[in-house]
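Colleague: I'm new to this one, so could you put it up on the screen and take me through it slowly?

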Amino acid sequence: MFFYLWKLFCKKAFNKLIITNIKLKFYHTICRLAQITIFEKYYARIMIGQIIFIIILIAAIYLFSKNAGKIRRNILLGKDTDRSDHPAERWKVMARVALGQSKMVKRPVAAVMHFFIYVGFIIINLEVLEIMIDGIFGSHRIFSHVIGGLYGLLIGGFEMLAVLVLAACVVFLIRRNIIHLKRFSGVEMTEWPKSDANYILCIEILLMTAFLTMNAADYKLQALHFGEYIKAGSFPISSLIAPILPDNAHTLVIIERVCWWFHICGILAFLNYLPYSKHFHILLAFPNVYYSNLNPKGKFTNMPSVTNEVKAMLDPSFTPPESTGEVSRFGAKDVTDLTWKNLMEAYTCTECGRCTSVCPANITGKLLSPRKIMMDTRDRITEVGNNIDLHGKDYKDDKSLLDNYITREELWACTTCNACVDACPVNINPLEIITEMRRYAVMEEAQAPASLNNMFGNVENNGAPWKYSQADRANWIDGK
């Protein structure tokens, strides 16, 4: 009996001890959350910063994914076309044209400046990756612990690229707004396209300036051995900026943190600006070049249904294959009659004007501008996508690419010389869109310029574009 009572007493005392211990732990936790010491306040600020950064990062990725998904949906509204053949050749074309920038060298000044921005964009993304990791985990220059001595070389390279990007952006701003290069003007270059280019250049200048200022403040804090600013990195450019910054450590921390937040938030904002800007080509240029048309330039496509009709007329014994589907339209009247590749090209267009600057029709004062063809196509498919979002996929707005956006005068001004296709640095083909709309005008509406109608009549009646009958073709031999 005594043993039983002693056991019961010990059990109650043990339970009371556990409860007391839990209460003590809870008390200490409350004290820690109350940030009693400076040390705890410091790490609480870091934790709050991490939470804010993660929320901003998730929101930015979500918004970008949503808007990019709409563009993908818009592109897939186009008709299907197979561009999966000859993968080895496609990889070679992409490596040469998209990665190697081979078609940019025809204009050396622009090529060199664009190369600085292009390489800077790719390589400095490694620095962005480090900033994101630091933001998520509350670390500081985490790569310095991973790659050791190479980190200084890496940061030094980033700074040199940042200066080159700054210089290139300034040159581009001068070319657009002071020199006023002709190819940056035109009826299609309204206020928004011009402003869009300037916005991007100014944003890049601000981002690179924030990056260098952040490093300059970091450099001085490292020299002061202040807090978490351990000796890491080499700062060949920002060390030259450092003397103009204040010497007070706390002020330097504020400058470094403000530039850090501005730099990374600016990049995330820039990411979400891309779907509304011509600079979406940053993401689409590589796939667009990969899916380039590998056929010889100027080779037109034939519609199988029409080809089979012609074969049946020429050869009564020909048996056309079974139709795989009803032909909804000959050629293209609206953007949904074009292929998904045509629509991808519209979103990939950089509006650089190289195509228009070499177009013989445009040079001689005609209305045609290949750049406008691509911009109009992009505007129209965006409008169609917005109508789907607002009214559903079956909504019709009684508008079309032909007539409402692109005039027939523009279409028939084209000489089909392929100069625009050859000039485009990312292999965009405005000629395909032009010929498809011409096909619609001729085959469905029987509308063409009078000179072409005469030629069509001669081909139908005489088997040749000329007005002479087949029996008279050899008359020139006899001098008739």
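Colleague: How do the residues lining the second largest cavity divide into nonpolar, polar and charged?

Modeller: In this predicted model, the lining of the second largest cavity has 12 nonpolar and 3 polar residues, and no charged ones. Here Ala, Val, Leu, Ile, Met, Phe, Trp, Tyr, Cys and Pro are taken as nonpolar, Asp, Glu, Lys and Arg as charged, and the others, Gly among them, as polar. Local features need a pLDDT of at least 70 and side-chain atom pairs 80 or more, while totals for chains, interfaces and linings use all residues. Residues are numbered from 1 along each chain as its sequence is written, and side-chain values use heavy atoms, with hydrogens and water left out.

Colleague: What volume does that cavity have, and which residues lie nearest its centre?

Modeller: The volume of the second largest cavity is about 80 Å³, and of its 15 lining residues, Cys359, Leu368, Cys414, Cys417 and Cys420 lie nearest the centre. Two or more lining residues come from each of helix 14 (360-363), helix 18 (419-423) and helix 19 (430-443), a helix being a DSSP run of H or I with at least four residues, numbered from the N terminus. A cavity is a set of points on a 1 Å grid over the protein atoms alone where a 1.4 Å probe fits but cannot get out, and lining residues have an atom within 4 Å of a point. Its volume is the space filled by probe spheres set on those points.

Colleague: How many cavities does the structure hold, and what lines the largest?

Modeller: There are 2 cavities of 30 Å³ or more, and the largest has a volume of about 90 Å³. Its lining is made of 14 residues, with Cys349, Cys352, Cys355, Cys424 and Ile428 nearest the centre. By class, that lining has 9 nonpolar and 3 polar residues together with 2 charged ones.

Colleague: Switching to pockets, what is the volume of the second largest?

Modeller: The second largest pocket comes to about 1200 Å³, and among the 48 residues that line it, Ile117, Glu204, His279, His281 and Ile282 are the closest to its centre. A pocket, unlike a cavity, is an open set of points with protein on both sides within 12 Å along at least five of seven lines.

Colleague: Which helix gives the largest share of that lining?

Modeller: That is helix 4, with 12 residues. Helices that supply at least two residues each also include helix 2 (38-75), helix 3 (87-99), helix 6 (150-177) and helix 7 (191-223). By class, the lining of the second largest pocket has 35 nonpolar, 7 polar and 6 charged residues.

Colleague: New topic: how many salt bridges are there?

Modeller: The count is 21, where a salt bridge is a side-chain nitrogen of Lys or Arg within 4 Å of a carboxyl oxygen of Asp or Glu. In one of them, Glu351 pairs with Arg378, with the closest N and O atoms 2.4 Å apart. This pair links distant parts of the chain, 27 residues apart, since Glu351 sits in the loop between helix 12 (340-348) and helix 13 (354-358), whereas Arg378 belongs to helix 15 (residues 370-391).

Colleague: Is Glu351 buried or exposed?

Modeller: Glu351 counts as buried because its relative accessibility is 4%; buried means under 20% relative accessible area, exposed over 50%, and partly exposed in between, with a 1.4 Å probe and protein chains only. Arg378 is buried as well. Glu351 also has a positive phi of about 60°, although it is not a glycine.

Colleague: Where else is there a positive phi in a residue other than glycine?

Modeller: Gln101 is one such residue, with phi near 55°, and it lies in the loop between helix 3 and helix 4. At 14% relative accessibility, Gln101 counts as buried.

Colleague: Back to the charges: which residues are linked in a network of salt bridges?

Modeller: The network links Asp334, Arg380, Glu383, Asp397 and Lys399. Within helix 15, Glu383 and Arg380 are about one helical turn apart because 3 residues separate them, and their closest N and O atoms are 2.7 Å apart. Arg380, which counts as buried at 2% relative accessibility, also forms a salt bridge with Asp397, where the closest N and O atoms are 2.8 Å apart. That second pair joins distant parts of the chain, 17 residues apart, with Arg380 in helix 15 and Asp397 in the loop between helix 15 and helix 16 (401-404).
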